[in-house]
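Work through the exercises below with the sequence and the model at hand. Each task is followed by a worked solution.

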Amino acid sequence: MRIYLDMYHTMDANLAFNFVGEVSTTVWVTAALCITLTILIIPSAYQAIVLQTLNPFVIVKGKNKGQKAPLLGTYKGSFPFGHVKQKVSKPILISNDTVDWCERTGIYSWVEFILLKPALLVASPEACKKVLSASITVKKSTRNIGSMVPAWEMLFGKGLFMLPPKDWKRIHTISMRSFGSAQTKGFYPIINEVVLQYISSLRHVIQGKRVVKHGTMVSQLSDCRYNKQDSNIFTVDSLFRPLSLTAICKVAFGSGDGDGAKIELIQKHFRDIILLQKNAPYAILALIPGYLKYFPFGKPLFMRNTIKSLHKLSLDFVTKYRSKQKDARKNIGEKTITGSEERKTLIKVLCDAHDTEEGILTDTEVVHNIFSFMAAGMSTTADSLAHMILELAQSKQVLQRLQNDIDKIVVAKKSINNVTWEDIDSCNYLTAVIKEALRLYPSIGSKFL
Ligand code: HEM
C-alpha cells in the first residue's frame, strides 16, 4: 500500500541571518564566499546546515520542550535546483522513487530544494500528524507558493491556496459564506451536461460515426497516444483533462447565454498556460526572479499576455454580474436577482459572498479565486478519474457491481438525463469506489511542486 501526501511549508531562509552581529563587511563577504563554495562543492554540507540551523520544528511540550524536533531527512540529489525537471517531465517515476526511498529509510518528511529555497515535504499520515501535532510548532513558517510557481502568482496570487494565514482567513471566511454544500450541489446540472456530451462524443468516435462533428474528440484522443521506443502508450489522464477543464470552466463562467465564445477562449488560454507549465526548461527558468515578469519575448511574453487576457475576460464577467445585481437591488430593494431561474456559477457565488465583519471580495479577488479553483480542480479530478478507471478495468467484479448499482438508478429514473445529485449521492458503492481510488492514488503527490 502506498499512501502519499505532500504538504509543504517554505522555511524562512532569512533565519540564517539571525547570526549576523557587529562584524566587518569584509569578514562577512569572505565568510559568505567560503560558505557558498563549500555548499556548491559539497551539497550535503548545505543540506546539513539547513537541517541544523533552519529546521523550524520546535517541541513545545514534555521533557524535550524547546528542542528542535528531529523530523527531517534529506532526499538525494535535491540541491540546489530540487527535482523540478523530473517532477515536470517524469512525475510518476519521481513519485515512485521518493516513496521507495521513504519506505527504505523510514523517513517520511524531508527537505527539498526549489532553486535554493528549502521546502518541507511530508509523505505519510503519521509524519503529517507529527508535523501538525499540538506538541510541535513550526517557527516562522508561512505559505509562499507564488515564489515557487511565478505563473500562478501572476494568474491567481490572491487565490485561496496561495495566501499566507491572515489573508487566507479573510478570503476563506467570506467565500465560505456562500460556498457550502448547497452551492456545490447547484453545479451538478452543468457538470452532468458536460459529462454526458463528452461521453456521447467519445462513443461516437469509438464507433466511427460522424467524425467531423466530433473532430475535437478525435484530436483529444490522438493527444493521448504516443509511441515510446516499441510501445504504444495511451495516457488515460490526458483523456480526462479536457473533460475536467470543460466542466470546471462551465461551472466557473456558465454554459453560454451569449458568452460561449468568451468562455471557450478562457478555456483555451487556461489550457495553454497549463501546457506551458509542463515544459521542464521553462518551469526551471521561470524560477529565476524577474524572468516571467520582464523577459521581453518568447514564452514569458506569451505567458504574460495570456494571463492579461484571462484577467480581462473574466473581469468582464464579474463587472457585468455586479452591475446587474446593483440595478436589480435598485429596482427591487435589497432582493437580488440570483433566484432559482438563474443557474449558479462560481463567479456569481463568489461575487455574492458576504461576511458581516469581513465584507465582500474585491473584483480581483473574485477573478484570482476563480482561476485558483480551476487550477486546483482540473488535474486533481482528471488524475483521480484516470486512476479509478484503470483500477476498475482490472477489477471486473467491482466494475460489475458498480455498473449494476448505477443501472438500477438509471432504470428507476427512466433516463440518465433525469439522474440527480441526490441519486448519485445515495449510491454508497460509488462513493466507496471513489474513496478507495483516492486512498490508493491521492492526486496531490510529489509531482505537485
Ligand atoms: C480529487 C479531487 C481533489 C483532491 C484530491 C483535492 C485535494 C486537495 C488538497 C489536499 C488540498 C489542501 C492543499 C493545501 O492545503 O496545501 C486542497 C485544497 C484546495 N482545493 Fe482541492 N482537491 C480536489 C478537487 C478540487 C476541486 C474540484 C476544486 C475546485 C473546484 C478544488 C479546490 C481547492 C481549493 C480552492 C483549495 C484551497 C483551499 C484553501 O486553502 O482554503 N479542489 N485540495
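Two helices count as roughly perpendicular when the angle between their axes is 65 to 115 degrees. The model used throughout is a predicted one.

**Exercise 1. Helix 17 and helix 20**

Task: Work out how helix 17 and helix 20 are oriented to each other, and list the residues that form their contact.

Solution:
- Step 1. The axes of helix 17 and helix 20 are 9 Å apart, and the packing angle is about 105°.
- Step 2. This angle falls in the range of 65 to 115 degrees, so helix 17 and helix 20 are roughly perpendicular to each other.
- Step 3. Helix 17 contributes Ser384, His387, Met388 and Glu391 to the contact, and helix 20 contributes Val433, Ile434, Ala437, Leu438 and Leu440.
- Step 4. Sorted by class, the residues of this contact are six nonpolar, two polar and one charged.

**Exercise 2. Helix 18 and helix 20**

Task: Classify the packing of helix 18 against helix 20, and give the hand of the crossing.

Solution:
- Step 1. Helix 18 covers residues 396-413 and helix 20 covers residues 428-440; their axes come within 9 Å and cross at roughly 140°.
- Step 2. An angle counts as roughly antiparallel only when it is over 145 degrees. Helix 18 and helix 20 are therefore oblique to each other.
- Step 3. The crossing of helix 18 past helix 20 is left-handed.
- Step 4. On the helix 18 side the contact consists of Val398, Arg401, Leu402, Asp405 and Ile406, and on the helix 20 side of Tyr429, Leu430 and Val433.
- Step 5. The class count for this contact is six nonpolar residues, two charged and no polar.

**Exercise 3. Helix 9 and helix 11**

Task: Do the same for helix 9 and helix 11, giving orientation, hand and contact residues.

Solution:
- Step 1. The axes of helix 9 (residues 188-206) and helix 11 (residues 236-253) cross at roughly 150° and come within 9 Å of each other.
- Step 2. That angle is over 145 degrees, so helix 9 is roughly antiparallel to helix 11.
- Step 3. Helix 9 passes helix 11 in a crossing that is right-handed.
- Step 4. Ile190, Ile191, Val194, Val195 and Tyr198 of helix 9 meet Leu243, Thr246, Ala247, Lys250 and Val251 of helix 11.
- Step 5. Eight residues of this contact are nonpolar, one is polar and one is charged.

**Exercise 4. The nonpolar cores**

Task: Which residues of the largest nonpolar core touch the most other members, and which helix gives the most to this core?

Solution:
- Step 1. The largest nonpolar core has 56 residues, and those touching the most other members are Ala252, Ile347, Leu350, Ile370 and Met374.
- Step 2. Helix 17, residues 363-394, gives the most to this core, with twelve residues.
- Step 3. Take Ile347 and set aside its neighbours within four places in sequence: Ile347 is in contact with Ala252, Phe253, Phe317, Val318, Tyr321, Val366 and Ile370.
- Step 4. There is also a second, separate core of eleven residues, among them Cys102, Ala119, Leu120 and Leu121.

**Exercise 5. Burial and distance**

Task: Decide whether Gly377, Leu399 and Met176 are exposed or partly exposed, and find a sequence-distant partner for Gly377 and Met176.

Solution:
- Step 1. The cut-offs are 20 or more other C-beta atoms within 10 Å for a buried residue and 12 or fewer for an exposed one.
- Step 2. Gly377 lies in helix 17 and has 17 other C-beta atoms within 10 Å, so Gly377 is partly exposed.
- Step 3. The C-alpha atoms of Gly377 and Leu245 are 8.2 Å apart, although 132 residues separate them in sequence. Beyond its neighbours within four places, Gly377 is in contact with Ser244 and Ile248.
- Step 4. Leu399, in helix 18, is partly exposed with 15 other C-beta atoms within 10 Å.
- Step 5. Met176 lies in helix 7, residues 165-177, and is exposed because 12 other C-beta atoms are within 10 Å.
- Step 6. Met176 and His354 are 178 residues apart in sequence, with 8.9 Å between their C-alpha atoms.

**Exercise 6. A backbone angle**

Task: What is the sign of phi at Lys414, and where does this residue lie?

Solution:
- Step 1. Most residues other than glycine have a negative phi.
- Step 2. Lys414 has a positive phi, near 75°.
- Step 3. Lys414 is placed in the loop between helix 18 and helix 19 (421-425).
- Step 4. Lys414 counts as exposed because it has 9 C-beta neighbours inside 10 Å.

Terms used:
Residues are numbered from 1 along each chain as its sequence is written. This is a predicted model: local features need pLDDT of at least 70, side-chain atom pairs count only at pLDDT 80 or more; totals for chains, interfaces and linings use all residues. A nonpolar core is a set of buried Ala, Val, Leu, Ile, Met, Phe, Trp, Tyr and Cys residues joined through C-beta atoms within 7 Å. Helices (H or I, at least four residues) and strands (E, at least two) are DSSP runs, numbered from the N terminus. Two residues are in contact if their C-beta atoms, placed from the backbone, lie within 7 Å. Axes are lines fitted to C-alpha atoms, for helices over the stretch in contact, and angles run from 0 to 180 degrees between N-to-C directions. Angles under 35 degrees count as roughly parallel, over 145 as roughly antiparallel, 65 to 115 as roughly perpendicular and the rest as oblique. A crossing is left-handed if the near helix is turned anticlockwise from the far one by less than a right angle, and right-handed if clockwise. Ala, Val, Leu, Ile, Met, Phe, Trp, Tyr, Cys and Pro count as nonpolar, Asp, Glu, Lys and Arg as charged, and the others, Gly among them, as polar.
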